[in-house]
Amino acid sequence: MKLVVCKNYDEMSDKAARIIKAGMILKNDIVLGLATGSTPVGVYKKLIEANKEGKISFKNVRTVNLDEYVGISYNHDQSYHKFMDDNLFDYVDIDKKNTHVPDGRATDLNRACKEYDEMIESYGSIDIQVLGIGQNGHIGFNEPQSTFSLGTHIVDLTENTREANKRFFNNIDEVPTKAITMGTKHIMQAKVIVLVANGKNKARA
């Protein structure tokens with residue numbers, strides 16, 4: 001593991017984006033694992049800039065996202081499907097058929113989890129996985145005590161996690177109580193992991 005301490009958010013975003021851009025140049029059909037939340041937004045802005053400047057292309061890139069709320073519509077302001085469109089996919093030359101976010105609206109959630117794992121495995125492995133980290137140390141929606149053997153699964157969101165996400169909703173009652181999340185099994189099998197953490201509130205995690 002290499003720890004890189006940056007002077008500010010912009011430098012952190014730039015250094016993380018450089019790793020991803022290098023991977024995309026070396027392998028044009030790279031499999032990127034993507035995260036949502038405020039921390040990686042700066043990274044995505046750097047990738048958008050590089051794409052607009054013709055330095056990288058997303059035409060053959062395949063993406064798999066970490067998670068999605070259960071029961072939330074895809075066009076809801078806080079849907080992670082919409083987050084990815086608003087912060088990356090709508091601004092680069094990616095084929096959206098090659099983008100994947102767990103299906104929190106599936107009628108059979110267990111089957112949706114199994115199919116998501118099968119899709120990831122069909123790609124071989126994730127080449128570069130982008131991660132943020134929660135204030136309590138959660139990755140995706142995997143809480144710190146989660147086993148490393150888990151594949152994609154349904155989780156009950158902790159009060160700590162719901163409280164942290166309350167600022168994105170009108171009130172705590174609107175925050176979903178469950179989520180579908182990629183498990184630590186496939187996250188840890190990624191060839192490269194880039195974890196970005198910013199601010200004093202993430203220092204302990």
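A polar contact of 3.1 Å joins the side chains of lysine 96 and aspartate 85. A polar contact here is a pair of N or O atoms within 3.5 Å; within protein, one must be able to donate a hydrogen and the other to accept it, and residues adjacent in sequence count only if both atoms are side-chain atoms. The model is predicted: local features need pLDDT of at least 70, side-chain atom pairs count only at pLDDT 80 or more, and totals for chains, interfaces and linings use all residues. Residues are numbered from 1 along each chain as its sequence is written, and side-chain values use heavy atoms, with hydrogens and water left out.

**Salt bridges**

Lysine 96 and aspartate 85 also form a salt bridge, a term for a side-chain nitrogen of Lys or Arg within 4 Å of a carboxyl oxygen of Asp or Glu. Lysine 96 lies in the loop between H3 and strand E4 (99–100) and aspartate 85 in helix H3, so the pair ties together parts that are eleven residues apart in sequence. Helices (H or I, at least four residues) and strands (E, at least two) are DSSP runs, numbered from the N terminus. Lysine 96 is partly exposed at 38% relative accessibility, and aspartate 85 is partly exposed at 23%. On this scale buried means under 20% relative accessible area, exposed over 50%, and partly exposed in between (1.4 Å probe, protein chains only).

Leaving aside neighbours within four places in sequence, lysine 96 is in contact (heavy atoms within 4.5 Å) with Asp85, Phe89 and Asp90. Its C-alpha atom is separated by 26 Å from that of lysine 178, 82 residues apart along the chain.

The structure holds 15 salt bridges. Three of them are listed here with their N to O distances.

| Lysine | Acidic partner | N to O distance |
|---|---|---|
| Lysine 27 | Aspartate 127 | 3.1 Å |
| Lysine 96 | Aspartate 85 | 3.1 Å |
| Lysine 166 | Glutamate 163 | 2.8 Å |

In the pair of lysine 27 and aspartate 127, the lysine lies in the loop between H1 and E1 and the aspartate in the loop between H4 and E5, so the bridge ties together parts that are 100 residues apart in sequence. Lysine 27 is partly exposed, with a relative accessible area of 31%, whereas aspartate 127 counts as buried at 7%. In the pair of lysine 166 and glutamate 163, lysine 166 is partly exposed at 32%, and glutamate 163 is partly exposed at 44%. Salt bridges that share partners join Lys27, Asp127 and Lys191 into one network.

**Nonpolar cores**

In soluble globular proteins, nonpolar side chains tend to be buried together. A nonpolar core is taken as a set of buried Ala, Val, Leu, Ile, Met, Phe, Trp, Tyr and Cys residues joined through side-chain atoms within 4.5 Å. The largest such core has 41 residues, and those with the most contacts inside it are Leu32, Tyr44, Leu47, Phe58 and Leu88. Two or more residues come from each of helix H1 (9–26), strand E1 (31–34), helix H2 (41–52), helix H3 (80–87), helix H4 (109–122) and strand E5 (128–131). H2 gives the largest share, six residues. Leaving aside neighbours within four places in sequence, leucine 47 is in contact with Ala17, Ile20, Lys21, Ile56, Phe58 and Leu88. Another core, of nine residues, lies apart from this one and includes Tyr69, Ile72, Val155 and Leu157.

Tyr69 and Ile72 are also contacts of glutamine 78, along with Phe168 and Phe169, when its neighbours within four places in sequence are left aside. Glutamine 78 lies in the loop between strand E3 (67–69) and H3. A polar atom of its side chain lies 3.2 Å from the backbone oxygen of phenylalanine 168.

**Helix H4**

The 14 residues of H4 should span 20 Å at 1.5 Å a residue, and its end C-alpha atoms are 20 Å apart, which agrees. The expected span is 1.5 Å times one less than the number of residues. Aspartate 108 caps the N-terminal end of H4, with a side-chain oxygen 3.3 Å from the backbone nitrogen of asparagine 110. Just after the helix, glycine 124 takes a positive phi of about 100 degrees.

Buried residues in H4 are Ala112, Cys113, Tyr116, Asp117, Met119 and Ile120. Seen down the axis of H4, its buried residues fall within an arc of 160 degrees, so they line one face of the helix; the arc is that of the directions from the helix axis to the C-beta atoms. What covers them includes strand E2 (62–65), E4, strand E6 (153–156), strand E7 (178–181) and helix H6 (184–188). The face turned away from the buried side carries the exposed residues Asn110, Arg111, Lys114 and Ser122.
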